[in-house]
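Q: Got a minute to go through this one with me? I'd like to talk about packing and a couple of odd backbone spots.

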Amino acid sequence: MSFAHNEKTPDLRRLAVFQGLQEGMYAMTHMTDDQHSASRYSVGGSENEYMDEQQTVLKNKKGITDLQALFVEEEKSLAKAYESLLDEVRSDTPITSELIRYAHGVVFGDLYDWAGRWRTVTISKPGVTWPPPDYLNDAMREFEREVLLTYPVSSLTTDQEFCKALGHIQGEFLAIHPFREGNARTIKLVTNLLAVQTGRLPLAYDSSDAGRNRYIEAAKAATLKEYDLMIALMKDALNALKPS
Ligand SMILES: Nc1ncnc2c1ncn2[C@@H]1O[C@H](COP(=O)(O)OP(=O)(O)OP(=O)(O)O)[C@@H](O)[C@H]1O
Ligand SMILES: [Mg+2]
């Protein structure tokens, strides 16, 4: 599948290079934490598709059974995905629900059979149970119509508009939580593509414990359709790389 709609428009890598973007920017956006422990989710329904028998790590194509080793592989895959998506996505590629699914497939396709597919189990964390799997197709279609497509690149001229869009997009997406794992990394990647489309640098999220907790609190608020915390966080992440 290709998202190169118009070969004449510059690809994002060229734009990113133009902006002095360094390779390996994934490191800025990635949370190095133990949240990848799949056991942190409570799962309803059969987990056979996802977990090994000991219920320790996600079943993966490389047969990795050590959580830390799996985490390292996920990081490498994320870095490669940034590179290939910056090559493939162009400045006029619409940010759609299909592109999100595709991006998840690019990030996690070497590791998981279910990469690029909506989850088939109900998952929850303390204080939140995300929508059941049957609802995800409709929810993501509605998300595309009511959220994604309301923020075309041409409308994101001021940083204020841009951060409002990103806070709304990330908050609403995380409230749907359509993938079994990797939701935050995927939506940060896709909104970083949007950032580069608008001529901005990717965002630099605070990866300290406090920064991670703040992101989770913002995601919790977004499940109640309150996006202010997420918007404020986007502003800080956008400004983090700007010279003071
Ligand atoms: N209790 C909660 N209520 C609402 N949202 C939550 C809660 N706990 C975590 N989240 C959200 O879920 C995200 C984690 O989702 P997931 O594990 O699918 O993505 P990920 O890419 O692995 O995330 P991360 O990089 O944050 O580990 C968090 O970053 C946060 O946005
Ligand atoms: Mg996770």
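A: Sure. Keep in mind that this is a predicted model. Let's start with lysine 225, which sits in the loop between helix 8 and helix 9.

Q: What's the phi of lysine 225?

A: Near 65°, so a positive value in a residue that isn't glycine.

Q: And is lysine 225 buried or exposed?

A: Exposed, because lysine 225 has 10 C-beta neighbours inside 10 Å and the cut-off for exposed is 12 or fewer.

Q: OK, where is histidine 177?

A: In the loop between helix 6 and helix 7. Histidine 177 has a positive phi too, near 55°.

Q: Buried or exposed, that histidine 177?

A: Buried: 25 other C-beta atoms lie within 10 Å of histidine 177, and 20 or more is what counts as buried.

Q: Switching to the helices. At what angle do helix 6 and helix 7 pack?

A: About 155°, with the axes 10 Å apart; helix 6 covers residues 159-176 and helix 7 residues 183-197. That makes helix 6 roughly antiparallel to helix 7, because the angle is over 145 degrees.

Q: Which residues make the contact?

A: From helix 6, Leu166, Ile169, Gln170, Phe173 and Leu174; from helix 7, Asn183, Ala184, Ile187 and Thr191. By class that contact has 6 nonpolar, 3 polar and no charged residues. The crossing of the two helices is right-handed.

Q: How does helix 4 pack on helix 7?

A: Helix 4, residues 97-108, meets helix 7 at about 115°, and the axes are 10 Å apart. The crossing of helix 4 and helix 7 is right-handed.

Q: Who's touching whom there?

A: Helix 4 brings Leu99, Ile100, Ala103, His104 and Val107, and helix 7 brings Arg185, Thr186, Leu189 and Val190. The class count for helix 4 with helix 7 is 6 nonpolar, 2 polar and 1 charged.

Q: What does alanine 103 touch?

A: Leaving out residues up to four places away in sequence, alanine 103 touches Ala81, Leu85, Thr186, Leu189 and Val190.

Q: How many residues are in the largest nonpolar core?

A: 63, and Leu85, Ala103 and Val190 have the most contacts inside it. In soluble globular proteins, nonpolar side chains tend to be buried together.

Q: Which element gives the largest share of this core?

A: Helix 6, with 9 residues. The elements giving two or more residues include helix 3 (67-88), helix 5 (136-146), helix 8 (209-222) and helix 9 (228-239).

Conventions: Residues are numbered from 1 along each chain as its sequence is written. Chains are lettered from A and ligands numbered from 1 in the order in which they are written. This is a predicted model: local features need pLDDT of at least 70, side-chain atom pairs count only at pLDDT 80 or more; totals for chains, interfaces and linings use all residues. Axes are lines fitted to C-alpha atoms, for helices over the stretch in contact, and angles run from 0 to 180 degrees between N-to-C directions. Helices (H or I, at least four residues) and strands (E, at least two) are DSSP runs, numbered from the N terminus. Angles under 35 degrees count as roughly parallel, over 145 as roughly antiparallel, 65 to 115 as roughly perpendicular and the rest as oblique. A crossing is left-handed if the near helix is turned anticlockwise from the far one by less than a right angle, and right-handed if clockwise. Two residues are in contact if their C-beta atoms, placed from the backbone, lie within 7 Å. Ala, Val, Leu, Ile, Met, Phe, Trp, Tyr, Cys and Pro count as nonpolar, Asp, Glu, Lys and Arg as charged, and the others, Gly among them, as polar. A nonpolar core is a set of buried Ala, Val, Leu, Ile, Met, Phe, Trp, Tyr and Cys residues joined through C-beta atoms within 7 Å.
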